[in-house]
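Let's take a walk through a structure together. Have the sequence and the coordinates open, and follow along at your own pace.

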Amino acid sequence: MRFNYSFQKVVDLKGNEKTQAEWVLSTALGELQAHEQCLNDLMVQRSEVLISLQSSAEQKTSMTKIRELQDYVDYLDVCIARKHSDIIYSNQEVQHKQNQLSTKVLDEKVWLKAKDK
């Protein structure tokens with residue numbers, strides 16, 4: 001004879017909530033990694049433009065061209081600063097999602113222990 005736990009649907013619901021929280025955390029981690037990759041790309045691009053600016057300054061290049069390169073470096077600096085802000089926000093989101101997942105895991109454990117008893 002099999003035991004029917006009257007709150008089995010609640011236990012199943014808690015398990016589903018935990019799984020969903022894992023997915024949400026995974027998505028937040030993916031966004032964080034995407035922001036970090038974008039920041040890395042911007043830093044590489046900035047470095048390349050600075051090298052180009054250096055070589056332009058050493059050669060006989062028009063001031064207009066040098067100014068354009070400097071303006072682009074300034075623009076990249078702004079983009080990098082924004083990306084740092086995005087990464088800080090994404091880190092906070094990941095932390096929040098981890099806390100939510102911890103709560104869901106604990107909640108599921110409570111219901112599973114109640115079922116075992």
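What follows goes from the helices to the core, and then to the charged pairs.

Please keep in mind that this is a predicted model. A good place to begin is helix H1, which runs over residues 8–58. Helix H1 has 51 residues and spans 75 Å between its first and last C-alpha, close to the 75 Å expected at 1.5 Å a residue. Along helix H1, the buried residues are Val11, Lys14, Gly15, Ala21, Leu25, Ala28, Leu32, Leu39, Leu42, Val49, Leu53 and Ser56. And what covers them? Part of the answer is helix H2, residues 63–116.

Now let's turn to the nonpolar core. The largest one has 17 residues, and among these Leu42, Val49 and Val94 touch the most other members. Helices H1 and H2 each supply at least two residues of this core, and H2 gives the most to it, with nine residues. Leu42 deserves a visit of its own. Setting aside residues up to four places away in sequence, which residues does Leu42 touch? They are Leu76, Cys79, Ile80 and Lys83.

Two buried residues of helix H2 are also worth a click. Ser90 sits in helix H2, and its relative accessible area is 6%, so Ser90 is buried, the cut-off being under 20%. If neighbours within four places in sequence are left aside, Ser90 is in contact with Leu32 and His35. Leu32 is itself one of the buried residues of H1. Glu108 also has its place in helix H2. Is Glu108 buried or exposed? With 14% relative accessibility, Glu108 counts as buried. With neighbours within four places in sequence again left out, the contacts of Glu108 are Lys14, Gly15 and Lys18. Of these, Lys14 and Gly15 are listed among the buried residues of H1.

That brings us to the charged side chains. Side chains of opposite charge can pair when their charged atoms come close. How many salt bridges does the structure hold? There are eight. One of them joins Glu17 to Lys104, with 3.8 Å between the closest N and O atoms. This pair links distant parts of the chain, since Glu17 belongs to helix H1 and Lys104 to helix H2, 87 residues apart. Glu17 is partly exposed, at a relative accessible area of 21%, and Lys104 is partly exposed too, at 29%. The pair is also part of something wider: a network of salt bridges links Lys14, Glu17, Lys104 and Asp107.

Other salt bridges stay within helix H2. Asp71 and Arg67 meet through their side chains at 3.3 Å, N to O. Both lie in helix H2, four residues apart, about one turn of the helix. An α-helix has 3.6 residues a turn, so residues three or four places apart point the same way. Asp71 counts as partly exposed, with 37% relative accessibility.

Lys97 and Glu93 offer another example, with a salt bridge of 3.8 Å, N to O. These two residues are likewise in helix H2, four residues apart and about one turn of the helix. Here the two partners fall on either side of a cut-off. Lys97 has a relative accessible area of 18%, so it is buried under the 20% limit, whereas Glu93, at 26%, counts as partly exposed.

Methods
Residues are numbered from 1 along each chain as its sequence is written. This is a predicted model: local features need pLDDT of at least 70, side-chain atom pairs count only at pLDDT 80 or more; totals for chains, interfaces and linings use all residues. Side-chain values use heavy atoms; hydrogens and water are left out. The expected span of a helix is 1.5 Å times one less than its number of residues. Buried means under 20% relative accessible area, exposed over 50%, partly exposed in between (1.4 Å probe, protein chains only). Contact means heavy atoms within 4.5 Å. A nonpolar core is a set of buried Ala, Val, Leu, Ile, Met, Phe, Trp, Tyr and Cys residues joined through side-chain atoms within 4.5 Å. A salt bridge is a side-chain nitrogen of Lys or Arg within 4 Å of a carboxyl oxygen of Asp or Glu.
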